[in-house]
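Here is a walk through a model, taken one piece at a time. Keep the viewer open and follow along.

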Protein chains: 2
Amino acid sequence: MKTVIKKEELATVAQNLFKDKGFAATSMRDLANEADIGLATIYNYVKSKEDILQGICFKVADDFLSIMEDNKKGSLQQQLDFAIKSHVAVMIDNIEASAVFMQEWKHLTEPYLSEFLAMRDTYEKYFIKIIRKGVKEGAFQKMKPKFAAITILSALNGIYDWYKPNGKMSAKEVGENLSDLLIKGLII
Amino acid sequence: MKTVIKKEELATVAQNLFKDKGFAATSMRDLANEADIGLATIYNYVKSKEDILQGICFKVADDFLSIMEDNKKGSLQQQLDFAIKSHVAVMIDNIEASAVFMQEWKHLTEPYLSEFLAMRDTYEKYFIKIIRKGVKEGAFQKMKPKFAAITILSALNGIYDWYKPNGKMSAKEVGENLSDLLIKGLII
DNA sequence: CCTACCGATCGGTAGG
DNA sequence: CCTACCGATCGGTAGG
């Protein structure tokens with residue numbers, strides 16, 4: 001019981017510190033202090049420092065990938081709209097973990113690094129496919145699909161830097177506005 | 001002579017390693033090895049490890065800010081187009097330094113951290129102002145100017161992750177395509 | 001520009 | 001779950 005709670009607290013603390021200070025600049029002692037346990041106790045919950053990072057990165061990667069399986073209906077514009085809004089929803093549901101996912105994955109070592117990059121690549125390809133089809137059909141502007149996909153994902157992935165859970169915009173609003181801006185553009 | 005060359009080599013090495021491994025995970029010994037000098041020699045060129053990071057971050061910040069002074073002519077759509085293309089040009093001209101600017105600024109300590117954030121804020125306000133005027137005039141979609149500005153900047157700032165100097169897209173093409181996608185949107 | 005070194009801190013473990 | 005500790009590496013410096 002208490003063990004489970006402490007383990008979850010450690011996970012939360014790790015997400016916050018890895019986001020704020022970065023993985024390399026966060027020591028196991030920092031984590032222990034913030035979670036209010038002894039240094040050696042951490043190793044009852046995790047195997048190593050990188051083990052914690054892996055947990056965060058692959059959890060978020062799984063979340064991203066699972067949403068795409070439900071995304072096969074409607075027009076290509078609707079599919080892209082759904083993909084954007086779902087991506088935003090996952091990020092906002094795990095805002096600290098998402099920040100770590102985006103910024104700290106480079107500290108993964110092999111073979112996890114390759115596995116991680118492969119998952120990210122697979123996810124990116126969902127966006128590329130939708131856009132490629134849309135360009136071919138003439139629904140979207142003539143544009144390199146990979147370029148457009150990466151640009152849209154970059155715009156979405158910036159959220160963790162400014163989104164405040166108790167701020168002026170709700171999670172739903174953020175998704176709607178991003179979809180609107182990226183699909184329809186800024187000019188009228 | 002030789003000193004100047006080695007100093008420049010050290011700067012280049014620092015940009016590359018800070019980008020690839022991150023500031024905290026790069027040791028002064030890493031820099032010395034890569035620049036092919038002794039560890040202690042580094043301190044003839046810089047005062048400290050953070051001194052190197054400051055040099056990179058503030059150089060890029062200056063570059064970004066200086067382009068906005070020339071941007072007061074034309075319609076608001078033209079001004080935004082110019083701002084986007086100039087931002088992309090600065091990034092691509094300093095692609096490694098830009099990556100460090102975007103990802104590693106959090107390792108700056110006070111008072112440099114506050115100064116850096118203030119410069120970034122000033123720059124962001126240029127984009128916000130253009131968009132706010134455009135929304136008021138009815139040239140742009142009705143949208144929160146700050147939200148739109150941050151989203152556009154996030155999309156632009158993702159470049160360092162994928163842009164290859166010898167790749168398929170020229171710097172000019174990247175700027176034109178980004179301006180097109182973000183201002184006009186993906187759908188026709 | 002380098003050799004040799006400093007105190008501090010790191011990730012992790014033995015043993016209980 | 002903690003005390004006490006390990007070897008390795010860190011940023012930086014003395015002295016030349």
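## How the two chains meet

Keep in mind from the start that this is a predicted model. Chains A and B meet through the same surface, because 100% of the interface residues of chain A are also interface residues in chain B. In terms of contacts, 43 residues of chain A touch 44 residues of chain B. The two chains bury about 3700 Å² between them, with 64% of that on carbon and sulfur atoms. On the chain A side, Gln141(A), Phe147(A) and Leu186(A) lose the most area to chain B, and together they make up 20% of what that side buries.

How are the two copies arranged? Turn chain A by 180°, with 0.0 Å of shift along the axis, and it superposes on chain B with an RMSD of 0.0 Å. The copies are therefore related as by a two-fold rotation axis. If you want to find that axis by eye, look for Gly185(A): its C-alpha is the one in chain A nearest the axis, 1.6 Å away.

## What holds the interface

How many salt bridges are there between chain A and chain B? The count is 2. Glu104(A) and Lys106(B) form a salt bridge, with their closest N and O atoms 3.8 Å apart. Polar contacts add to the picture, with 15 residue pairs found across the interface of chain A and chain B.

Which parts of chain A do the touching? The elements giving two or more residues to that side are helix H1 (2-21), helix H5 (76-93), helix H6 (95-104), helix H8 (145-157) and helix H9 (171-184) of chain A. H9(A) provides the largest share, 8 residues. By class, the side of chain A that touches chain B has 23 nonpolar, 11 polar and 9 charged residues.

## The fold of one chain

Chain A has 9 helices and 0 strands. Read along the sequence, that gives the pattern α-α-α-α-α-α-α-α-α. The C-alpha trace of chain A spans about 60 × 40 × 30 Å along its principal axes.

A couple of backbone details are worth a look. The peptide bond from Glu110(A) to Pro111(A) is cis, with omega near 5°, and Pro111(A) sits in the loop between H6 and helix H7 (112-137) of chain A. Chain B has a cis bond joining Glu110(B) and Pro111(B), omega about 5°, and Pro111(B) is in the loop between helix H6 (95-104) and helix H7 (112-137) of that chain. Then there is Asp36(A), in the loop between H2 and H3 of chain A: this residue has a positive phi of about 60° although it is not a glycine.

## Around DNA strand C

Now for the DNA. There are 17 residues around strand C, and those that come nearest are Arg29(A), Gly38(B), Thr41(B), Asn44(B) and Tyr45(B). Helix H2 (28-35) of chain A and helix H3 (42-45) of chain B each supply at least two residues of the surface near this strand. That surface divides into 7 nonpolar, 6 polar and 4 charged residues.

What part of strand C faces the protein? Of its atoms within 4 Å of the protein, 49% belong to sugar or phosphate and the rest to bases. Phosphate oxygens of strand C pair up with both chains. A backbone N or O atom of Met28(A) is 2.8 Å from one, and an N or O atom in the side chain of Lys49(A) is 2.9 Å from a phosphate oxygen. From chain B, a polar side-chain atom of Thr41(B) lies 2.6 Å from a phosphate oxygen of strand C.

## Around DNA strand D

Strand D also has 17 residues around it, with Gly38(A), Thr41(A), Asn44(A), Tyr45(A) and Arg29(B) coming nearest. Of the strand D atoms within 4 Å of the protein, sugar and phosphate account for 50%. Here helix H3 (42-45) of chain A and helix H2 (28-35) of chain B each give at least two residues to the surface, which has 7 nonpolar, 6 polar and 4 charged residues.

On the phosphate side, a polar side-chain atom of Thr41(A) is 2.5 Å from a phosphate oxygen of strand D, while one of Ser27(B) is 3.5 Å from a phosphate oxygen. Where does a base come in? A polar side-chain atom of Arg29(B) lies 2.7 Å from a base nitrogen of strand D.

Methods. Residues numbered from 1 in each chain as written. Chains lettered and ligands numbered in written order. Predicted model: local features only at pLDDT ≥ 70, side-chain atom pairs only at ≥ 80, totals over all residues. Heavy atoms only, no water. Least-squares fit on C-alpha atoms with pLDDT ≥ 70 in both. Contact = heavy atoms within 4.5 Å. Near = heavy atom within 4 Å. Polar contact = N/O pair within 3.5 Å; in protein donor to acceptor, adjacent residues only side chain to side chain. Helix = DSSP H or I, 4+ residues; strand = E, 2+ residues; numbered from the N terminus. Nonpolar A, V, L, I, M, F, W, Y, C, P; charged D, E, K, R; others polar. Buried area = accessible area lost by both parts, 1.4 Å probe. Salt bridge = Lys/Arg side-chain N within 4 Å of Asp/Glu carboxyl O.
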